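Please find below some notes on the contacts between the chains and on the pockets, set out as numbered points.

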Amino acid sequence: MRAGFSVIQPGIHSLLQDQGRYGRHNIGLTTGGPMDSQSFHWANRLCQNSPQCAAIEVTIGGLVLEAKINTSIALTGAAIPLSINKQPAALWQSHRIKPGDRIELGFANAGCRGYLAVAGGFQASPSFGSQSTVAREGLGGLHQDGKPLQAGDQLPCAESADQPANQRLAQAQRPNPSTDNSAHCRVILGYQHQAFSSVQKQLFFSSTYQVTDSSDRMGYRLNGPAIKPAVDGILSEGICLGAIQVPADGQPIVLLADRQTIGGYPKIGSVLSLDLGKLAQVTPGGTVSFETISIEQAHNLLLLNQRQLDCTELEFVTAEASDNDQS
Amino acid sequence: MPPQLPISIAGENSLIVYFGDQLSAEIAAQIAQTAEHLRQSMADRLIDLVPSYGSLLVIYQPLLTDHFRVRQLIRQALQQLDKGKGEDSNKAPSQSGALVSLPVYYSTESGPDLQSLADRAKLSIDEVIAIHQQIQYRVYAIGFAPGFAYLGEVDERIAAPRLATPRQKVPRGAVAIADRQTAVYPAQSPGGWNLIGLCPQPMFDPSAEPSMPVQVGDRVTFRAIDRQEFIALGGEL
């Protein structure tokens, strides 16, 4: 595959991510994949890609690329200023790109993770069936070694011969990150939730927690009123996406895309995946609150969300509309 | 009828089955069999399984099925387990799972904690090495790092607590003991277990299929080799 883009500057932390690495928990591999799967989905959709295509997850910003081919790109997620050849370009919209174009991402004004997709997707060699970069495991990414993008990297992708007209996602449909750096997470009670008394549960669900500095793709460590389960530890068991574990200090940790596959701390339940994307856009110092929903409500929300993703029509963009819309 | 095992909700698309709350070869075998059964019966409705010491996490595709149906499929898998017990009562559960023998170069050169572990146990180094080889271990869980298999249970006489200060670098292939568990480090990593030797056989190779020589439920024995054989098998000191 020929190089579609050269990395001029990698930015703070830019990772190739596809949907994730599945079916390998039995050998201890985590899933990886996008932290904000909704924004990731829309970036691919705007480039007319299948949802499996690999995109770049840009944390905070600073990525600069030079195009080598004719293609289209789209940036979604965090409010990261985008420019193409020094001209401001809109997020949540596809843009035609020609060889020599310089694509520059500034630094996020709201949220912290942007998704840059290209028509046909980035096409690095997969590790265990996925390009998703997992630093801790040294797997995935451009060189299959878990490393983030580096200056000088050549990103393989296919030339897109007949470039479609630019498209955008309607304003009302955009899952923009919150402007006040907060997230509200819906939780399905589970695992050891019975080991948390009703008083402890009430405390957890009525409190606001702060996102700490030790938050990353593995998990978000929170700080707030300590909650104490009736058990200290459990036999290590499988951890699902969004699980909320509570170590001895009572400060909850929400486990995310790069979570460990097994662990021995009690868990009160798991955050609905649709809300993890909003949580992943919160930076240290931001706040999180929780509410419970039933497994049936969660299931309905997942089905309806999928239907919405499948059925939402994109808008075609005229040149003027594009220039006037920098949101 | 055996009592029904508890099945709990874990998350929006996962259920967890609890087989027991202590290490047991029989439970490990049951978990491995249930996992295998669900791989067949759930097919593309299954996203992944996480077997561990006393539980099995079942992650399903919520756009294709739901927790009612998956709970039923799990119950059916558990019933097969009971049936299997009746029909094949000669086959003790301790005999299930593949038997894998791993070579180990035990020495103070390859196992920097061998001497202190022996001193603590009031045994000679040779006795520690002999005791470590006497047990047929069970793979109870895989996690912590790709290819890291937790083996149990280590003979009480050579059980040892984790180091007070974990090492920054434990070499690839290090054979180690923590409490009553033993393991082979699949890659260089930080770690706080007591190092007693080196295994030249790769425990995790992304380019190989399968990428690990063992899976949860398998049995593992260790076999002492000398320095020369260790080098001949590709080991590096």
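1. Between chain B and chain A the count of salt bridges is 0, a salt bridge being a side-chain nitrogen of Lys or Arg within 4 Å of a carboxyl oxygen of Asp or Glu. The side of chain B that touches chain A has 24 nonpolar, 12 polar and 6 charged residues, where Gly counts as polar.

2. This is a predicted model, in which local features need pLDDT of at least 70 and side-chain atom pairs count only at pLDDT 80 or more, while totals for chains, interfaces and linings use all residues. Residues are numbered from 1 along each chain as its sequence is written, chains are lettered from A in the order in which they are written, and side-chain values use heavy atoms, with hydrogens and water left out.

3. In chain B 42 residues are in contact (heavy atoms within 4.5 Å) with 36 residues of chain A. The area buried between the two chains (accessible area, 1.4 Å probe, lost on being put together and summed over both) is about 2900 Å², with carbon and sulfur atoms giving 65% of it.

4. The largest pocket (an open set of points on a 1 Å grid where a 1.4 Å probe fits, with protein on both sides within 12 Å along at least five of seven lines; lining residues have an atom within 4 Å of a point) has a volume of about 1300 Å³. Its lining comprises 46 residues, and Q260(A), I262(A), F144(B), A145(B) and Y150(B) lie nearest the centre.

5. The second largest pocket has a volume of about 1100 Å³, and of its 41 lining residues Q19(A), Y22(A), S37(A), S273(A) and Q61(B) are the closest to its centre.

Methods. Grid points are joined across faces, edges and corners, and a volume is the space filled by probe spheres set on the points.
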